[in-house]
Every structure is written in structure tokens, then in C-alpha cells.
Amino acid sequence: MGQEHVSPAGQSRHSGKNVSERTPNAPRALQDIVGGCLLMLIAVLALYLSWHLPVSGASGLNSGSAPRYTASALLVLGGIIAAGGFFREGEGVGRIAWRGMACILGGVLFFAFAIEPLGLVLTGIPLMLIAALASPDFRLKEAIIFAVLMTLFCAVLFRYGLAQAIPLWPIWPKF
Amino acid sequence: MDLLSNLAFGFSVAVSPVNILLCLIGALVGTLIGVLPGIGPIATIAMLLPVTYKLDPTGALIMLAGIFYGAQYGGSTTAILVNLPGEASSVVTTLDGHQMAKKGRAGAALAIAAIGSFIAGTFGTILIAALAKPLTEVAQAFGPAEYFALMALGLVCAIVLASGSILKAIAMVFLGLLLSTIGTDVETGALRMTFGYPPLADGIEFVTLAMGMFGFAEILRNLENRESRDIVGQKVTGLMPTRQDLRESAPAIARGTLLGSLLGILPGGGATLAAFGSYTVEKKISKTPKAFGQGAIQGVAGPESANNAAAQTSFIPLLTLGIPPNAVMAVMVGAMTIHGIVPGPQIVTEQPKLFWGMIASMWIGNLMLLVINLPLVGIWVQLLRVPYRMLFPAILIFCCIGIYSVNGQWFDVVLAAVFGLVGYAFIKLGFEPAPMLVAFVLGKIMEEKLRLAMMLARGNWLSLLDFSLNPLAASLLVISIILLVLAVLPSIRRKRDEVFVE
């Protein structure tokens, strides 16, 4: 594809090829082993949660059928993918955006827990600041100004422009 | 003529001031996110769903559709001027488009891309209008078994045409189906996999899943690399292509349009595959294949026409059968559902205003995009100077508010964070999340139809495959099984990988 710097648009569906160029000889297909195990974990959880539901009825299907059959298929597929990973050479996992993960997901979780007690204004500004920390070229002043402006814009747009029932201010004390 | 009067009715809906404005907004937003790398139409449409709550459904869908095809236009601008794909579907445009820009022919490349897109968009729109009636008439004769079989075939096609490992694509489809079963069972009222937690009783909200898996996970992926953008310095001049340019690119536009229209209708196809396919075709039949990669205008004209044609025609299965052929159309199903419209063949008869208005607006939108993109290209280039470090916190706050406001449920935001984490993990592990989203949308309907079909068949599984009882359903299922087996067989898989490498 002749793309040396696909950042930040690395959206190409075919970027897998670039990864393999970066790590030419990963020992085993680590991607497949980890991915297969993740699928099996999800499948086992789903089977455990849906085990008490009935799977057969007059029509041959019941409320438990779809979860159990799809989860079983997922378990088998995960097993095949993981097992295959031990026998093939393949791609490693590559760079992981740890800092991005901490900031983005941390910011989102902060928003989730703070939006109802604190309201949008006191939640949105910290969310944007926490998120901005994820960037390698973080600039404090720019980030603060932008966070305040953007949060106020969103508050006006969603609350007044679109009449959404989203709290703007802390519930206590009353303003 | 039936078709003409329907189209005339559609235009009368689409040219109302509000709808024209919404179409323009959609086209502008689409161009914007198309130009900006790092944000795609799936996340954007999901993000803007809550914004459309107060609109009437026709206007809302006109706007959301505009975002999708608008992004196909915008993506080429970045590809040509910056050598970065603004959208996944314009990856191949970077090859020859940027070479043309380097040789000072950026204007001609942009113009051909826009003209090709417009011709393809017009053809795609006409195709939707022409196929709508016959296809819906066929679909109205479908019973639950036929519907289930058709959707199964759709999922199999999505698997076969997905890039990367077949097994991983199958796994993602089953994951999507599994996620769709969470919540209250419609038939028996049993709670399924809710952890006894009341907010999960309604199931996972589509917006939550789409924004987590596509919005958040995409941001995380983009943060892995430092951004570097080399915008072609010189001013873009000479927007008029020469007579020779037009002569050289006309056949490529025609071929790209036809190929794109076909691949757009196929489930799992869509804009990206169409662009890749068209580039391969153009290179193969060219008398001077060596010119490709050096700034061959056919390498811009073909793929750019193909991706826009596919963007239009992928609405056909959605609007006539109610089956989303790709992840963007799955988001459109989410949009329809939020507005209380059940996708399916009944839309044409029950919602003619929505159906024909949307089709007519697509052509108007394409016309607007031609104007938005060509003379105003300078403005869009300026936008590329907005750094990603400002863009992603803004996307994030929009997503969070959007997810929260769907049900006023803070727990949905927590779920989206979990999906973001899982989605990013799957991307890193080489799993493509798009088939999962399609399966999630189809899952609920498929289960319902299958259970209904089984009820009618009194629990006899084999009757679904019995050609004498259900000829159509049985043949669709058999085709699905054959396709799936062929795809998993190693020899065919190698051939398919070769196609993707090109």
C-alpha cells in the first residue's frame, strides 16, 4: 500500500499487513492465542449466566436456546482460533496505547459516575482534560480553554438546542 | 410512469426548506469527517443520533444518510492532498491521487474524484429507485423462514467478504448474535444474562455498542501513533480537468460505477471493497499498468466512483428488505428504530414520504457535495490543520452525552467504556468489529423469525431445509452453507487473500 505513516488514520481495513512488516518474526501467532482465549472467556461467562434458561419447548426453541447455541459456537471457535495460534507463526500484538486507554476510559468512567450528582458542566470539563492527557503533545493552556468552551457549547446545544433532559449543575446544593 | 411519479413525489418532499437544510448539514458534516482522518461515518452517525431525536424521521434519515455519502467525497480530498486516507474507502486514492498532486495536478485529481463520485451517486440513486418496487414486492411474499434464511445468507456474505481471517470473522458474527440476546426475551419475558441488573433488561442499546466499539476504540487506535500530516504546500489551481483527462477517465468512471453499484448491494461489500476492486480492475485492463502509482488519473477516477456508487446502493437491501449489508447501514437501522420505524419491505407502502424523500434527497445531496467539494476545497484543507489532540476530546464528550441521553442512564456510559476496551482489544488481536455490529442488529430479528418459523414447522428443524415445503428458504440456506464451506476451505482462502493484498 506504500503507506509509511498511516497515522492517525490507521483506519485501513488492511492495516494488518503493516503490522506484520513491523514485527516480521513474532514467535507464535500471539494475536490468535490471546484472541481465542478472550472469546472462550466471554462464551463461558455467557453460558454460566444463561444456563438456567430452558432450551427446549413446544416449537423446539425457548428463551435459553439462542444464548446457549451462540455461546457454544463462540466457545468452539475461540478454541480453534487459540489452538491454531500455537501451531502457526503469526503476528504479535504490537504497540498498545496504555496511556490512551487509561485517559480515555478513565475519563469516560468519570463521566458515567459524575454526570448525575455533578451535572454536565462540572463533569464535561474534567472529562475533556483527562482525555486530553492521552495525547503525547498535551498543552495545558490550550486544553483548559478548549475544554471550557466545548463543554459550554455542548451544554447549550443539548439542553436548550435539543431539549435533552441532561443535568447541568450539581443536584446539591440547589442552584 | 410509476417510477417518475414516485420520484417527483420524493423530490417534493426533499425540497422542503427543512429537508434541504438537513440534507446540506448532513453533506457538510459528512465532508468534514471525510476530510478529517481518525473519525469515520459509523461513529459520527451514532454520535449524531441523539441530535436527531426532535426531528421528524424523514428529515433525520436524510441528514444521517448525507453524512455517509458525504464522507466518501471528503475522504478523497485528504487522500489526494495529504497522502492520508480520510476514510478507509479512499485508501487506494492515495496511491495515484497524491502522485498527481505532487506533480502539480491536485486540481485535476480533485475534480475527477468529485465528478466521478457525482456520476456514480446519480446512477446509484436511480438504481435504488428502479429496484425498490420489484424487490419489496418479492420481499412481501416472504414468511419467517425465508426471512431467517435471507439474513443468514447476509451474515455469511459479510463473513466471506470481511478482510482478514475467516474464522475470526465468523467468531465476531457469533459474538454479535450473542450480545443481541441480552435482555428480556420477547416471547417468554425471561430475563437473559442481565446480572439481575434492571437497566440491562431492555438489552444493550445499539448506540452504546456502536460508540464503544467504533468511537472509543478508534480513538485508542489513533493514539498509538504520533500524527504526521504533510499537506501539499502549493495552492490548488486548475480545478478544470483537461479534455484529455476527461477522455481518459470516462471509461474508468463507468466501470467503477457499475462495479461499485454491484458490490454495494452485496452484504459485507460496501465502499472500501468497491474502491479496492475498482483499482485492481483498472490496473489489470490498462494498456500502461506501469503508470499506476505514478499518478494515473484512472486510478483516481475508478475507485472514487466505485466507493460512492457502493455507498448509495448499500441502501437498497436496507430500504427494500430491511437487512443492513454493512456496519454503516446497521447504524441506519439503529436510527430508524429510535424513530419508531421498523426497517423492512413495508416501508415503501407505509412510509412513502420517508422512502421516496430519502432517495430524492440523495441526488440533491450529491449535487450539493459537488459544489461543497470543488470550489470550497481550500476551506477543507484548512480544517486539516486542526490537530487530533483537540479533536478527540471533543468527540469523546459528544459520545458521552449522546450515550447518556438515549435513556438518561449513566450505566450505559459504563457499558460503552467496557465495549471500548473490548473493541480495542479485538482490533489489536486482528479481529474486525464490523461483522459483529451487523450481526448484533440482525440477531434480534433473526431469533424472532427463527422461533416463529419453528413454531409453524412444529419444531421440525429439517423442514427448513426441505425443498418441497420451503423451496426459497431451503435454497437460501443451502447457498449460505455452501458459501461458508467454500470460504473456510484453505485453497479458496488463499485466493481471497491475494485479492485483498492487491
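On one side of helix α2 of chain A, Leu41(A), Leu45(A) and Tyr48(A) are exposed, where exposed stands for 12 or fewer other C-beta atoms within 10 Å of a residue's own, buried for 20 or more and partly exposed for anything in between, with C-beta atoms placed from the backbone. The model is predicted, so local features need pLDDT of at least 70 and side-chain atom pairs count only at pLDDT 80 or more, while totals for chains, interfaces and linings use all residues. Residues are numbered from 1 along each chain as its sequence is written, and chains are lettered from A and ligands numbered from 1 in the order in which they are written.

On the other side of α2(A) from the exposed residues, the buried set consists of Gln31(A), Asp32(A), Gly35(A), Gly36(A), Leu38(A), Leu39(A), Ala43(A), Ala46(A) and Ser50(A). These cover an arc of only 160° around the axis, so they fall on the same side of α2(A); the arc is taken from the directions from the helix axis to the C-beta atoms. An α-helix has 3.6 residues a turn, so residues three or four places apart point the same way. The buried residues of α2(A) pack against α3 (65–87) of chain A and, from chain B, α8 (166–180), β2 (191–192) and α19 (410–428). Helices here are DSSP runs (H or I, at least four residues), as are strands (E, at least two), numbered from the N terminus.

The contact between the chains takes 78 residues from chain A and 78 residues from chain B, with contact meaning C-beta atoms, placed from the backbone, within 7 Å. On the chain A side, α2, α3, α4 (98–132) and α5 (140–161) each give two or more residues. The largest share, 17 residues, comes from α4(A).

Turning to chain B, helix α14 (residues 327–338) has 12 residues that should span 16 Å at 1.5 Å a residue, and its end C-alpha atoms are 17 Å apart, which agrees; the expected span is 1.5 Å times one less than the number of residues. α14(B) is mostly covered, with 10 of its 12 residues buried, including Ala327(B), Val328(B) and Met336(B). Among the elements covering them are α3 (41–48), α9 (206–222) and α20 (434–456) of chain B. Just after α14(B), Gly340(B) takes a positive phi of about 75°.

Terms used:
Two residues are in contact if their C-beta atoms, placed from the backbone, lie within 7 Å.
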